[in-house]
Amino acid sequence: MGMDFDRFTRSILLAQGGFDTFLKADAEQKSKILEQITGTEIYSSISLYVHQRLRDENEVLNCLQVEVAGINTLDEQQEEYIKQKLNNKEQEALLTETQLKENMKAVTWLKNIDELKKEIKLISNEEESFLSEYEHFSEERERLKKALKASELDGKYALLNEVRNQLAEEQQSLNDEETQLPSLYLDASKKEALLKQAEQKIFEVKNEQKILVPLLQKVRSVDHQITDKMEAIRHCNDACKKISEIILSEEDQLKYYKTNYHLLQQEFNAVETYLHQHQADEWLLSGYAGIETQLERLNTIQHDITGKKTEKQVCISRFDTTKQALKSINEEIKHISQKQSQVEHSIQLKQQELETLLNGRLVREYLAEREALYREMVLLQKISDLESERASLEDGKPCPLCGAKHHPYAMGNIPEKNECEKKIADLSILIEKTNLIVEDLNKQEQIKLKYHNEQVEAEKKQIALSGECQQLEKECSVINTQLSCWIQEYEDVKQSICDKLKPIDNIVELQDFNASELRIRLKERMKNWQKQKQKKEILAQQKNDCESKVKTITAILETHSLSLKEKQVELSKLQVELETLKNERHVLFGVKKADQEEQRLTESLADAELSEKQARTSYISVQQQLRISESRISSLKTQITNKKSVLNKKAYEFKALLAKSLFPDEQVFIDARLSIEARNKLQDKEHELERKRAELEHKKKDREVRLATEVRKSITSLTLDQLESQQKGYDDTFSQLRDNIAELKHQLTENSEARERVKEKDNEIEAQKNECLRWQNLHTLIGSVDGKKYRNFAQGLTFERMVSHANRQLEKMTDRYLLIRDEKEPLALNVIDNYQAGEERSTKNLSGGESFIVSLSLALGLSHMASKNVRVDSLFLDEGFGSLDEEALDIALETLAGLQQEGKLIGVISHVTALKERISSQIQVIPQTGGQSVISGYGCKKVLG
C-alpha cells in the first residue's frame, strides 16, 4: 500500500484496544494519513514553491531597480551643450589642420632644396674620382687594342701549331717503334725453341702409354678376383657373428625363463598362504552389497546431522546478530530523537533571532527603504558632478541648463552623501543577515525532515528485527527435534552393521566406528581377496608358459651351434685362396694402383698437349707483332716527310701575315695575345667606364634643372628652424583638439548607451513587477513558508469528502449519529446525537461501542478513497466486536458483507462465537504444546524446511 506501520494501524487496521486511533489522532497525524492515502502531498510542495518563487521574483525586481539607480544619464540641456562644444572644437581642428598642412609644405620645400644641393656636390665628387679611374685604365686600353689585333691571326696560328704538333708526335712514334724492333726478334727465336720442346714431350708420353696398357689389363683382372674373395670372406664372417649373437641371446633367454620360473613358484606359494589365512573374507563377495547400503545410509544421516548442526549454529549466530542489531536500532532511535529535539530548539532560537532583527517589520519594507536611499544617492551624485557649472552661477541670472534664477547649491551647500551611504550599508547588512537566518532556518527544517525520515526507517527496521528474532527461535527448536531423531537412527544402523561384521577379524570397533573408513576397508578387503584369487590363476598359467619356453630354447641352441661350425670351416678355405691371389698381384704390379697409373699417363699427355698449344700460340703472336712493327715504321717515315713539306709552307704564309699586321716576329705576336676571359674582362671594364661617365653627366644636369625649378617657387621666406618650431606648436594644438573631440564624442556615446540600458531595464522592471504581482496574488491564496496553507485547504476538502463517505456507512449501521467537521479545527470531528435532540458533542466523549461504530465508518470511508500513491482495497479488524450488542453486531457484519461484494478484502480477527458462525472463510489458530501454534483453513499448507 505504500504506508508505514504506524499509519497502517491508524487507518486500515482497527486493532484490539486501539480501534479508535484515527478517531482520536491529532490534526498533524490525520493530515499525514490523508496526505498519503489521497496523494495531497503535492499541495504542500505547491505552497512551498509559490512562497519561494515570490521571494525569488522580488529579489530579481530589487536587483533590477538597483541597477537602474546606478546608471547616470544626461538631460537634454547638458546633451545640447556638449554637442555645441563638439561642433566648435571640430571647426578649430579643421582650421588648425589647414595651417599644419601649409607649414608642412614649406618645410618640405626647404628640405628638397637642401637635398638637391647636397646631391649636386656629391655628383661633382664622383666626377673627380671617375676621371682618375679613367686615366689609370689607359695602359689596359692599349693592351686590349693589341690583343684584339692579334686575335685576328689566331686561326692561322692555330693551324700552324697543329701541323707542328702532329710532326712531333709522328717523329716520337717512329723512334719508339725502331727501339722495340730488336727485342721482338729475340722473343720470336725463344718462342720457336719452346715449341720444339713441347712437341718432343708429347712423343715420349705416347710411347710410355703404349707399353703400359696390356699390363694394366692383367692387373685389373687379378684385383677383381681379390675383391670377390674379400666380399665372400666378409659375408661368411657376418654369418658367423650373427649366429654367435643368436646363440648368446638364446642362452640369456634360457637363463631368464629358468629364474622367472623359480620366482613364480615362490609367489604362487605366498598367494596360497594368504587365501588360507583370509578364508573368512570370501563372505564379502555376497554380503558386501547389503553392508554398503547400510553404510551409505549412515553417511547420509551423518551428513544431515552435520548440516543441521551447522544450520543450528548459523541460526544461533543469526539470532545473536539480530538481537545485537535490534539493540543498536533502539539506541539509534533514541539518538535520532535527541537530535530532533536539538534541531527543534535551534529552529526556535533562529526564529526568535529573526523576529528580534526585523523588529516587527517585513523584509520588503527594508528593501523599499534601501531603494529610496539609492535614488537619493544618485541625485546627490549628479549634483556633485556639476561642480564647475555651479561655480559660474550668479544670483539673479538664469541657469544655462534649467533657466532658474535661484541657485541653492551655488555656494557649495550640497547635502552630504556619507549619511546616506551609511544608512544604505546598515540596511544592506540587516537584509543580508536576514537572508542568512532564513536560509539557515530552511536548512534546519530540511535536517528536521531528514531526522524524521531516519526515525521512521529505524522503526521499520525495529519491527522487522523483532519478528526475525521470534522466527529464529522457532527455527532453532525445529532443528533440535530433527537432530534427536537422526542421531537415534544413526546408532541403530551402526549396531546392525557391527553384528553382521563380527565373523571378520579386526574389521570394526564399536567405540571407534567410522562409516566412511569402514566402507573403504571392507571394499579393500574384498578387492584384495578377489585380486589374490585371480593372481593364483594367473601365476599357474605363467608357470606352465615358462616351462614350455625353456624346452623350446634348448632345442634352438643345439641347431644354431651346428650351423656355426660349418660356417667357420668355409671361412678358413676362403682366406687361403685370398692370400694366393695377393701374392700374384704383388709380382705383377707391386703396391701401385692400375687406375692411378692410367690417370697419371692421361694427365701427363694432356699437360704436354696443352703446353705445345700454348707455345705455338705465343710463337704465332710474336711473328704477327714483328710484321706489324716493320709495316708501321715504313708508314711513319713516309708521313714525316709529307708533314715537313706542309709545315714549311704554313710557316712562310704566317710570317707574311705578321708583316702585314705590324708584328715584327712571332714572339711579339705571342706576347700581344690574351685569353678570351682576359680580353672579355678588359672590354667589360671599358664599357662600364663609358656608361658611368654618361650617367654622371646626366645626373648632374638633372639635379641642376630641378634645383632651379624649386628656387623659382619661392614658397616661404622663413628658415627651416622657424618652420619646425611653428610645426611643433600646430601639432600640439591639433592633438589637444583631437583628444577633446574624442572625449566629447565618448560622452555622447555613453549617454546614448546609458539611455538604451535604462529603457531596457525599465521594460524589464515593468515586466518583473507584473510577474511579482501575479505571484503575490497566488501567494496570498495558497503560499506559505511551511506549505500548510494550501495543504490544509486541500485536505479540508478531502476530509469533508471522507466524512461524507463515513456518514453513508454510519447511516447503514445506526440512525443515531451523524459526523460533522469542527468549525475551529478543520481536521477535528464532532458527532450530532439525534437521540439527544441533535446535540453536537466531541468524539472523545463516545463510549467503547460507539467509538468502534464511528471508527469503523471512518475506516470504511477511507477505503472508498484512493490516489496514485495508495489504493485501499483491504480492511482489517482486530477484536472490538465484543463491545457491541447483538443488533449492532448484525449491522456491522451486514455492512462488511456489502463491502466484500463490492470487491473489498475484509479481514476480521476475533474470538466472538457469533462471528465464527457468520463468517464462512476462516483461518483458525490452534495452540500446541511448547508455546507453538498451528494454523488451518483455506489456502494453508505446511512448508517443509
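Start with the surface: switch it on for the whole chain and you have about 61700 Å² of accessible area in view, 51% of it belonging to carbon and sulfur atoms. Keep in mind as you look around that this is a predicted model.

Now go to a cartoon view. The chain shows 20 helices and 8 strands. Colour by burial and you'll find that buried residues make up 32% of the 945 residues. Contacts are worth a thought too: take those between residues at least 6 apart in sequence, and 80% of them join residues at least 24 apart. Several of the stops below show parts of the chain meeting across such gaps.

**Stop one: a pair of helices**

Select residues 76-136, which is helix α5, and residues 138-150, which is helix α6. How are two packed helices described? By the angle between their axes and the distance between the axes. Here the angle is about 40° and the axes are 4 Å apart, which makes α5 oblique to α6. Zoom in on the contact and show side chains: α5 brings Tyr134, Glu135 and His136, while α6 brings Ser138, Glu139 and Arg141. Sort these by class and you get 1 nonpolar, 2 polar and 3 charged residues.

**Stop two: aromatic rings**

How many aromatic pairs does a search of the whole structure find? There are 2. For the opening one, select Tyr49 and Trp775. Their ring centres lie 6.0 Å apart and the planes meet at 75°; since an angle over 60 degrees counts as edge-to-face, that is the label this pair gets. Tyr49 sits in helix α4 (residues 41-69) and Trp775 in helix α16 (residues 720-782), so the pair ties together parts that are 726 residues apart in sequence. Are the two partners buried or exposed? Tyr49 is partly exposed, at 47% relative accessibility, and Trp775 is buried, with a relative accessible area of 9%.

The other pair is Tyr256 with Tyr257: centres 5.3 Å apart, planes at 65°, so edge-to-face again. Click on Tyr257 and you're on a buried residue, with a relative accessible area of 19%; the cut-off for buried is under 20%.

**Stop three: Glu489**

Next, pick Glu489 in helix α11 (residues 418-500). Glu489 is partly exposed, at 28% relative accessibility. Which residues is Glu489 in contact with, leaving aside its neighbours within four places in sequence? Add Arg297 and Ile301 to your selection, and you have them. Draw a distance line from Glu489 to Ile301, C-alpha to C-alpha: it reads 8.0 Å, although the two are 188 residues apart in sequence.

**Stop four: Ser618**

Move on to helix α13 (residues 594-660) and select Ser618 there. Ser618 counts as partly exposed, at 27% relative accessibility. Now show Ala188 as well. Its C-alpha atom is 8.8 Å from that of Ser618, with their places 430 residues apart along the chain.

**Last stop: Val711**

Finish in helix α15 (residues 676-713), where you can select Val711. With 47% relative accessibility, Val711 is partly exposed. Then bring up Leu110 and draw one more C-alpha line: Val711 and Leu110 are separated by 9.3 Å in space and stand 601 residues apart along the chain.

Methods. Residues numbered from 1 in each chain as written. Predicted model: local features only at pLDDT ≥ 70, side-chain atom pairs only at ≥ 80, totals over all residues. Heavy atoms only, no water. Helix = DSSP H or I, 4+ residues; strand = E, 2+ residues; numbered from the N terminus. Buried < 20%, exposed > 50% of the residue type's maximum accessible area, 1.4 Å probe, protein only. Contact = heavy atoms within 4.5 Å. Areas by Shrake-Rupley, 256 points an atom, 1.4 Å probe, with all protein chains shown as cover. Axes fitted to C-alpha atoms, helices over the stretch in contact; angles between N-to-C directions. Parallel < 35°, antiparallel > 145°, perpendicular 65-115°, else oblique. Nonpolar A, V, L, I, M, F, W, Y, C, P; charged D, E, K, R; others polar. Phe/Tyr/Trp six-rings, centres within 6.5 Å; stacked < 30°, edge-to-face > 60°.
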